[in-house]
Amino acid sequence: MKCRVCRGPAVIDLPRHNANFCPEHFLAFTRRQVVRAIEDFEMIAPGDRVLVAVSGGKDSLALWDLLLEHGYAADGLHLGLGIGDYSDQSTRCARAFADDRGATLLEIDLRADRGFDVPTAAAATGRPPCSACGLSKRHLFDEAARDGGYDVVATGHNLDDEAAVLFGNTLTWNTEYLGRQVPALPARHGFARKVKPLVRLTERETAAWCVLRRIDYQVEECPLAAGNRHLGYKEVLNTLEARSPGTKAAFYLGFLDRAVARFRSDIASDSDGGLQTCNRCGSATTNETCAFCSVVERARAHQPVPVSAPRRRR
Ligand code: SF4
Ligand code: ZN
Ligand code: ZN
């Protein structure tokens, strides 16, 4: 196996690009994909302060590394979700990376700082864990960006993630979600812009980036992920990709290129009409109390829920 660029020994094959790369040229390829995503979707402007959502997994650490490498003013924010050993190890990986790079890592520990954790929030509300978790992440990242004066929140969603979400939204013809599924959402309601600079990279590629850059990342799968329907969509798409390399990229990037604009008119109005201020936290909401504060209130009143041991990623 030889590198497409220099004919030296290759360490990774990328069937969808019909290419093999040596370490140096794989890293160069990865950087180009990220720069292209940032430029195509005008994700980050010169001088923007970026807050990176850092879980401690391969995607978020690769993203932070790439943004720092490109000279962006990128701080990290890590949430301690309270999911047992899985969360403890994720926190260690996030801290180790920040220490190694001399980068600023902000941290919020849900249990210590907010009086609840994800397993307890899920049990207290009857929501699936990923729903309670996602709600908490969105709220706390928005809040931290607003309070810290950040212009942009960057998340490590990759091509596999976005293709799986698109697949789910298409299966149900959720046209409003389809209209919103763009990798750069403008700032609104006082909250920062939201961007996904890794959408041109697969999770295999972000893992390879971390291995080649010697970044120690959380390799365990979240023990609460079982039952997340996007895992099933990823399996289906991986089967299609194995048979026909490039399917995932054609599906998602083709959607961005040729289809997403057709769903814009299905997006509910972004105007401030009907919005009020949450009586607990002050953020914009359609009810008296925002969804996050309602969940927190119920979770705090609930007995803490223990978590079983993590499973290794397949
Ligand atoms: Fe949160 Fe679900 Fe991800 Fe676990 S798998 S970290 S519960 S969103
Ligand atoms: Zn090479
Ligand atoms: Zn609130």
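Trainee: Where along the chain does Cys6 sit?

Mentor: Cys6 is in the segment before strand 1 (12-14). Strands here are DSSP runs of E with at least two residues, helices are runs of H or I with at least four, and both are numbered from the N terminus. Before we go on, this is a predicted model: local features need pLDDT of at least 70, side-chain atom pairs count only at pLDDT 80 or more, and totals for chains, interfaces and linings use all residues. As for bookkeeping, residues are numbered from 1 along each chain as its sequence is written, chains are lettered from A and ligands numbered from 1 in the order in which they are written, and side-chain values use heavy atoms, with hydrogens and water left out.

Trainee: Why is Cys6 called partly exposed?

Mentor: Buried means under 20% relative accessible area and exposed means over 50%, with partly exposed in between (1.4 Å probe, protein chains only). Cys6 has 40%, so partly exposed is the label. Cys3 has 0%, so that one is buried.

Trainee: What makes Cys3 and Cys6 donors of the zinc ion (ligand 2)?

Mentor: Distance. A donor is an N, O or S atom within 2.8 Å of the metal (3.2 Å for Na, K and Ca), and water is not among the atoms, so sites may look incomplete. The SG atoms of Cys3, Cys6 and Cys22 and the ND1 of His25 lie 2.1 to 2.3 Å from the zinc ion (ligand 2), so they pass. Along the chain, their spacing reads C-x2-C-x15-C-x2-H.

Trainee: How do you know that the site of ligand 2 is tetrahedral?

Mentor: Four donors get that name if all angles lie between 85 and 135 degrees. Here the 4 donor atoms give 95 to 114°, so tetrahedral fits.

Trainee: What makes the arrangement around the zinc ion (ligand 3) tetrahedral?

Mentor: The 4 donor atoms subtend angles of 104 to 115°, so the rule is met there too. The donors are the SG atoms of Cys278, Cys281, Cys290 and Cys293, at 2.3 Å, and their spacing is C-x2-C-x8-C-x2-C.

Trainee: Why does Cys278 count as buried, and what does Cys281 count as?

Mentor: Cys278 has 4% relative accessibility, so buried is right. Cys281 has 25%, so it goes in the partly exposed class.

Trainee: Which residues surround ligand 1, and how do you know that they belong there?

Mentor: A residue is near a molecule if one of its heavy atoms lies within 4 Å of it. Leu81, Cys130, Cys133, Lys137, Cys222, Leu224 and Ala225 surround ligand 1. By class, that shell has 6 nonpolar, no polar and 1 charged residues. Cys counts as nonpolar in this scheme, with Leu and Ala, while Lys counts as charged.

Trainee: How many aromatic pairs are there?

Mentor: There are 7. One of them is Phe21 with Phe29, which is stacked at 5.3 Å centre to centre and 25° between the planes.

Trainee: What makes that pair stacked?

Mentor: Rings of Phe, Tyr and Trp (its six-membered ring) pair if their centres lie within 6.5 Å; planes under 30 degrees apart are stacked, over 60 edge-to-face, and the rest tilted. The 5.3 Å makes them a pair and the 25° is under 30 degrees, so stacked is the call. Phe21, at 1% relative accessibility, is buried, and so is Phe29 at 3%.

Trainee: Why is the pair of Phe167 and Tyr233 called edge-to-face?

Mentor: Their planes are 90° apart, over the 60 degree cut-off, and the centres are 5.6 Å apart, so edge-to-face holds. The pair links distant parts of the chain, with Phe167 in helix 7 (residues 159-171) and Tyr233 in helix 10 (residues 229-243), 66 residues apart. Both Phe167 and Tyr233 are buried.

Trainee: Why does Trp173 count as exposed?

Mentor: Trp173 has 56% relative accessibility, over the 50% mark, so exposed it is. Trp173 lies in the loop between helix 7 and helix 8 (175-180), and its phi is near 45°, a positive value in a residue other than glycine.

Trainee: What about Asn18, buried or exposed?

Mentor: Asn18 has 69%, so it is exposed. Its place is in the loop between strand 1 and strand 2 (19-21), and its phi is near 50°, positive in a residue other than glycine.

Note on methods: Tetrahedral: all angles 85-135°; square planar, octahedral: opposite > 155°, others 65-115°.
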